[in-house]
Amino acid sequence: MTILVTGGAGFIGGNFVLDWLANPQAEPVVNLDKLTYAGNLDTLDSLTGDARHVFVQGDIADAERVSRLLDQHQPRAVLNFAAESHVDRSISGPEAFIQTNVMGSFKLLEAVRAYWGGLASQAQQAFRFLHVSTDEVYGSLGPGQAAFTESHRYEPNSPYSASKAASDHLVRAYHHTYGLPVLTTNCSNNYGPYHFPEKLIPLMIVNALAGKPLPVYGDGMQIRDWLYVKDHCSAIRRVLEAGRVGEVYNVGGWNEKANIEIVHTVCDLLDELQPRADGLSYRGQISHVTDRPGHDRRYAIDARKLHDELGWKPAETFDTGIRQTVRWYLDHPGWVARVQSGAYRDWLQAQYGQAA
Ligand code: NAD
Ligand code: DAU
């Protein structure tokens, strides 16, 4: 038995593969990743020589390639993490998001449908296609509004969230029309080790340590619901194991925080763990910059279905998770230095007008 993971060299997919294979009894993983700017084999370094991990560089939109992989490895599940994932990049260049998140998901579903259709009936029943999605498909909440449940109306506001919404609808349709045994998870903001430093938390850590400005969009009062990445991974494992076919499960940490609070927390932890040479606080580097166009004001996930049906709950609080995360970045300067390639520097220049 094998599982096929797509996007397993990215932030969440990489953490998922590492956590999965940390179990000596775990089934082998075939890891299909295109290695875009966000894919990083360094993350999987500890698996070198582990025969249970087969890495394949390739595109989920390459249906022939995916079909060959499915036929060769006969996985009992496909977990789709692969995506273009950064909202700001979707604003400055939406096409790659349509290509991977919509067309790629479609091509992947087609290849999986053909493979699944050819399985013997018992294997067909046991097979699962798990699609990893986001809370952003539900749009933005006002201050007093209830958190997103699985039946919340889809109202995606950015090219990123619209492309993820399209993929969610395709997954749903492949179950409804063809009977493909699918599961969908819609998760809130993740943070933790191996997070690419274009996203809020790792960007703040690496900029703070480099003595650079900490760019807070607008008033910094936008709210996100933060979940430690390893808790997201445990939720995915649980849904794969026991989720009801065709169902959607929201995943969240009950940790709503305003961005400015997050940035203050990161600064305070760095003040404690690696104080600035001049004795001043990293908070002094905070700089309010022009807001993100169409910026969603608030996300919040109601994760009761996952808890009540499948007994999942996060292991980390925000306090424990963020401390481990800051510690991890301090302990892994080599990983950070290697992801700060030429392409990363070009992005910083285009987005913030600053060099890396
Ligand atoms: P990421 O950008 O860190 O990683 C994406 C990975 O997918 C990279 O390794 C990249 O090389 C690969 N990839 C991109 N296009 C590909 C293609 N066409 N074919 C094969 N591989 C391709 O993203 P992430 O933060 O790890 O997110 C993983 C998934 O989880 C995404 O589907 C995202 O929408 C979803 N999600 C992310 C968060 C979050 O907070 N980061 C929250 C909820 C859901
Ligand atoms: O909600 C889940 C989503 O969370 C995932 O689906 C996305 O893949 C993931 O990237 C993330 O999207 P966000 O846009 O919420 O994450 P980001 O880290 O880009 O931004 C978090 C908040 O911080 C958001 O309100 C924008 C703000 N921000 C971000 C950056 C990069 C800043 O204020 N300054 C910044 O420089």
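**Ligand surroundings and salt bridges**

A backbone N or O atom of F81 is placed 3.1 Å from an oxygen atom of ligand 1 in this predicted model. Two contacts involve a nitrogen atom of ligand 1: a backbone N or O atom of I60 lies 3.0 Å from a nitrogen atom of the ligand, and a polar side-chain atom of T100 lies 3.0 Å from a nitrogen atom of the ligand. Of the 830 Å² of accessible area that ligand 1 has on its own, 97% is covered by the protein. Helix 1 (11-21), strand 5 (128-134) and helix 6 (159-178) are the elements that contribute two or more residues to the shell around ligand 1. Strand 5 provides the largest share, with three residues. In total, 28 residues surround ligand 1, and the closest are I12, D33, S85, Y160 and K164. By class, this shell consists of twelve nonpolar, twelve polar and four charged residues.

Ligand 2 is surrounded by 25 residues, of which D135, Y160, R292, H295 and Y352 are the closest. Y160 is thus listed among the closest residues to ligand 1 and also among those closest to ligand 2. R292 places a polar side-chain atom 2.6 Å from an oxygen atom of ligand 2. Backbone atoms also take part: a backbone N or O atom of S85 lies 2.7 Å from an oxygen atom of ligand 2, and a polar backbone atom of P215 is 2.8 Å from a nitrogen atom of ligand 2. The protein covers 94% of the 680 Å² of accessible area that ligand 2 has on its own. At least two residues of the shell come from each of helix 3 (87-92), helix 7 (200-209) and strand 8. The largest share, three residues, is supplied by strand 8. The shell around ligand 2 comprises ten nonpolar, eight polar and seven charged residues.

Side chains of opposite charge can pair when their charged atoms come close. The model contains 22 salt bridges. One of them joins the side chains of R297 and D219, with an N to O distance of 2.7 Å. R297 is in the loop between strand 13 (286-289) and helix 10 (304-310), whereas D219 is in the loop between strand 8 (214-217) and strand 9 (223-225), so this salt bridge ties together parts that are 78 residues apart in sequence. R297 is partly exposed, at 38% relative accessibility, and D219 is partly exposed at 39%.

A salt bridge within a helix is formed by R238 and E241, whose closest N and O atoms are 2.5 Å apart. The two residues are three positions apart in helix 8 (residues 229-242), and therefore about one helical turn separates them. R238 is partly exposed, with 27% relative accessibility, while E241 is exposed, with a relative accessible area of 61%.

K305 and E247 also meet through their side chains in a salt bridge, at 2.6 Å from N to O. This pair links distant parts of the chain, 58 residues apart: K305 belongs to helix 10, and E247 to the loop between helix 8 and strand 11 (248-251). K305 has a relative accessible area of 19% and is therefore buried, the cut-off being under 20%. E247, with a relative accessible area of 21%, is partly exposed. Both residues belong to a network of salt bridges that links R244, E247, K305 and E309.

Methods
Residues numbered from 1 in each chain as written. Chains lettered and ligands numbered in written order. Predicted model: local features only at pLDDT ≥ 70, side-chain atom pairs only at ≥ 80, totals over all residues. Heavy atoms only, no water. Salt bridge = Lys/Arg side-chain N within 4 Å of Asp/Glu carboxyl O. Helix = DSSP H or I, 4+ residues; strand = E, 2+ residues; numbered from the N terminus. Buried < 20%, exposed > 50% of the residue type's maximum accessible area, 1.4 Å probe, protein only. Near = heavy atom within 4 Å. Polar contact = N/O pair within 3.5 Å; in protein donor to acceptor, adjacent residues only side chain to side chain. Areas by Shrake-Rupley, 256 points an atom, 1.4 Å probe, with all protein chains shown as cover. Nonpolar A, V, L, I, M, F, W, Y, C, P; charged D, E, K, R; others polar.
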